Amino acid sequence: MDNLLVELSNTEFSKALSSKAAVPGGGGASALVGALGAALGLMVGNLTVGKAKYADSEPQILKLMDEAEQLRLRLLELVDGDAEAFEPLSKAYSIPKDAPNRDEIMEKCLKDAAAVPMEILRISCKVIELQQGFAELGSTLAISDAGTGGAFCQSAIKGAALNVLINTRSMKDRAYAEEMNFEVETLLNKYEPMAQKVYKEVYERLS
C-alpha cells in the first residue's frame with residue numbers, strides 16, 4: 001500500500017472503511033478501536049501521575065502506562081498489517097478454481113489473513129487487563145475514561161475474533177483452523193467478562 005491507513009484523517013479513514021474496497025475492513029477497525037482503548041487508559045495514567053493523592057500508586061500506574069503505550073503502538077501498526085495480510089487473499093479469490101496451485105495459495109493467504117486479527121485479539125486482551133489497573137488505581141476524576149477504554153477493548157476483541165473466524169472457516173487444514181478457533185473462544189470467554197466487569201464497576205461508581 002502506498003499510504004499508511006493510520007496516517008489518514010478520521011474522515012478519510014471512515015470514508016475508506018465505508019467503501020467497497022477490500023481494505024480497510026473489520027480487522028483494521030478493531031485494531032484502531034483497541035489502540036483507542038489503550039490511549040484512554042494512558043489518559044487516566046497521565047491525569048493521575050504527579051498528584052500527591054496518588055503518590056503511593058504512582059509506580060504501578062507508570063508501569064501500566066509503559067505497557068499500554070507499547071500495546072497502543074503495536075495495535076496502530078496492525079491497522080495496516082491487517083490490510084497488508086488481507087489484500088493477497090482478496091486477489092486469491094479471483095484465481096480460477098481449476099488452477100492447479102489455487103488451493104495451496106488460498107490456504108497460505110487464509111492463514112496469513114487470520115494471523116493478524118488473532119494478534120489484534122491477543123493484544124487487546126492485554127489492554128483489558130491493564131484497564132482494570134487504571135480503573136482501580138487511577139484518578140477518580142478520570143475513571144470514566146478507564147470504563148470507556150474497557151468498552152472499546154471489548155469491541156476490539158469481539159471484532160478481531162470474527163475476523164479470525166471468517167478465515168478459519170474456509171481453511172482446508174481443519175486441525176490448524178480448530179486450534180485457532182479454540183484460542184479465540186478461550187480468549188473471549190476470559191476477557192469479555194473482564195471488560196464488562198471494568199465497565200460495570202466504573203458505571204456503578206458513577207451512578
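**View 1. The largest pocket of this predicted model holds about 220 Å³ of space.** Its lining is made up of 17 residues, and those found nearest the centre are Phe86, Leu89, Asn163, Ile166 and Asn167. Helix 2, helix 3, helix 4 and helix 5 are the elements that each give two or more residues to this lining. Helix 3 gives the most, with 4 residues. If you are thinking about chemistry, the lining splits into 9 nonpolar, 6 polar and 2 charged residues.

**View 2. Here we turn to the largest nonpolar core, a set of 55 residues.** Ile120, Leu121, Ile128, Phe134, Ile157, Val184 and Tyr191 have the most contacts inside this core. At least two core residues come from each of helix 2 (26-46), helix 3 (58-92), helix 4 (102-137), helix 5 (143-168) and helix 6 (174-206). Helix 4 supplies the largest share, 16 residues.

**View 3. Zooming in on Phe134, one of the residues with the most contacts inside the largest nonpolar core.** Which residues does phenylalanine 134 touch, not counting those up to four places away in sequence? They are Gly41, Leu42, Val44, Gly45, Ile61, Leu64, Met65, Ala68 and Ala146.

**View 4. Glutamine 131 sits in helix 4.** Is glutamine 131 buried or exposed? Its relative accessibility is 1%, so glutamine 131 counts as buried, the cut-off for that label being under 20%. Leaving aside neighbours within four places in sequence, glutamine 131 is in contact with Gly37, Leu40, Gly41, Ala146, Gly149, Gly150, Cys153 and Val198. Look for Gly41 and Ala146 in View 3 too, where phenylalanine 134 touches them.

Methods: Residues are numbered from 1 along each chain as its sequence is written. This is a predicted model: local features need pLDDT of at least 70, side-chain atom pairs count only at pLDDT 80 or more; totals for chains, interfaces and linings use all residues. Side-chain values use heavy atoms; hydrogens and water are left out. A nonpolar core is a set of buried Ala, Val, Leu, Ile, Met, Phe, Trp, Tyr and Cys residues joined through side-chain atoms within 4.5 Å. Buried means under 20% relative accessible area, exposed over 50%, partly exposed in between (1.4 Å probe, protein chains only). Contact means heavy atoms within 4.5 Å. On a 1 Å grid over the protein atoms alone, a cavity is a set of points where a 1.4 Å probe fits but cannot get out, and a pocket is an open set with protein on both sides within 12 Å along at least five of seven lines; lining residues have an atom within 4 Å of a point. Grid points are joined across faces, edges and corners, and a volume is the space filled by probe spheres set on the points. Ala, Val, Leu, Ile, Met, Phe, Trp, Tyr, Cys and Pro count as nonpolar, Asp, Glu, Lys and Arg as charged, and the others, Gly among them, as polar.
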